[in-house]
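Student: Please take a close look at one single part of this protein. Pick one and tell me what surrounds it.

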Amino acid sequence: TKVVPGEEILTFAKFLLLTAVILPVVPNQTYGPFGFNPLKAWLVVVAVSTISYGSYLLQKAIRGRSNVLLSALVGGAYSSTLTTVVLAKRGRTSSQRHLFAGATLAACGMMYLRLLALLAIFNRALFHKLGIPFMTLAVLGIGGGSLWSLRTETTAADATPEETPKNPLELSAALLFGVLFVVMLIGTHYALIYLGRTGFYTLAALMGVTDVDPFILSLTQSAGAATPLTMAASAIAIAASSNNAVKGIYARAFCNKRTGTESFILLIVFGLLGLLALAW
């Protein structure tokens, strides 16, 4: 009960009840040229929320007795963007720049494991297409960030309070994600038709500025049908790399100059490495 307060248990119970009520009545049929399937859309919301909630519970469990790196790894599975901002704010008054910069890189490496899990659930063809490059990026991010955070620094660890992550199973947030998913599904279809390949990839890069999950998961539904598989895989790689670059900007903006600059450089380089997946 210390890890999962009663209010959060109630929220989870409501979410399960809503899922149980909706699933039997949601049509399992594809509508429109963009391939919208209401049942698959709701399953996407359930899967993303469940993965995020599992990481959220782990964060609650280790809160107050974990180190920065472990918090970053668990947080990266929940939301690498949010974790980057939290680490930047925590590192603002700390002199341990290697620790926070490396932990931020490791959190961004966890993003690729999260994406692979979602691809494995919703589109095996995309999973096989991006499996090796994304797993390589995950190893580079997590391994490189962990080693970087362990670089020797003379200053003792600073005691900075941890921010409490928001419960990802708030029903309003889950429904908003579902709406964004449908909008992205329709938007990517028409972007491919009216803007062509260049416009489609530009849209993918712009999606990196926000939460990439709705965009990427919309591609899992259209890839191989409305969207060519190779183009969908390339767009996912571009969106993820763009998101890493944006997180570098966040780290520089919210942290102190030295730590923020170090995090920015690491994430920009990591984002550029992510584009190598296009060659695969």
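Tutor: Here is a close look at helix 10, followed by the other parts of the chain. The model is predicted, so to speak on paper: local features need pLDDT of at least 70, side-chain atom pairs count only at pLDDT 80 or more, and totals for chains, interfaces and linings use all residues. Residues are numbered from 1 along each chain as its sequence is written, and side-chain values use heavy atoms, with hydrogens and water left out.

First, the setting. The protein has ten helices and zero strands (DSSP runs numbered from the N terminus: H or I with at least four residues for helices, E with at least two for strands). Read along the sequence, the pattern is α-α-α-α-α-α-α-α-α-α. Of the 280 residues, 51% are buried (under 20% relative accessible area; exposed is over 50%, partly exposed in between, with a 1.4 Å probe and protein chains only).

Helix 10 covers residues 257–274. Start with its part in a cavity. Rolling a probe the size of a water molecule over the atoms shows where empty space is left. The structure holds one cavity of 30 Å³ or more (a set of points on a 1 Å grid where a 1.4 Å probe fits but cannot get out). The space in the largest cavity is about 30 Å³ (the space filled by probe spheres set on points joined across faces, edges and corners). Its lining (residues with an atom within 4 Å of a point) includes Thr259, Gly260 and Ser263. Leu87, Ala88, Phe100, Ala101, Thr104, Ala251 and Cys255 are also in the lining. Helix 10 supplies at least two of the lining residues, and so do helix 3 (68–91) and helix 4 (97–122). By type, the lining holds six nonpolar residues, four polar and no charged (Ala, Val, Leu, Ile, Met, Phe, Trp, Tyr, Cys and Pro are nonpolar; Asp, Glu, Lys and Arg are charged; the others, Gly among them, are polar).

Now turn to the surface. Leu140, Ile249, Phe264, Ile265, Val269, Leu273 and Leu276 form a nonpolar patch (Val, Leu, Ile, Met, Phe, Trp or Tyr side chains joined within 5 Å, each residue with over 30% relative accessible area and no salt bridge). Together they have about 610 Å² of accessible area (Shrake-Rupley method, 1.4 Å probe). Helix 10 gives the largest share of the patch, four residues. Take Ile265, which sits in helix 10. Ile265 counts as partly exposed because its relative accessibility is 47%.

Next comes charge. Side chains of opposite charge can pair when their charged atoms come close. The structure holds two salt bridges (a side-chain nitrogen of Lys or Arg within 4 Å of a carboxyl oxygen of Asp or Glu). One joins Arg97 to Glu262, at 3.1 Å from N to O. This pair links distant parts of the chain: Arg97 is in helix 4 and Glu262 in helix 10, 165 residues apart. Glu262 has 13% relative accessibility, so Glu262 counts as buried. Arg97 is partly exposed, because its relative accessible area is 23%.

Follow helix 4 to the other bridge. Arg114 and Asp213 meet there, at 2.7 Å from N to O. Again distant parts of the chain are linked: Arg114 in helix 4 and Asp213 in helix 8 (residues 213–222), 99 residues apart. Arg114 is buried, because its relative accessible area is 9%. Asp213 is at 7%, so Asp213 counts as buried.

Conventions
1 Å grid on protein atoms, 1.4 Å probe; cavity = no way out; pocket = protein on both sides within 12 Å on 5 of 7 lines; lining within 4 Å. Patch = residues over 30% accessible without salt bridge, like charges linked within 9 Å, V, L, I, M, F, W, Y side chains within 5 Å.
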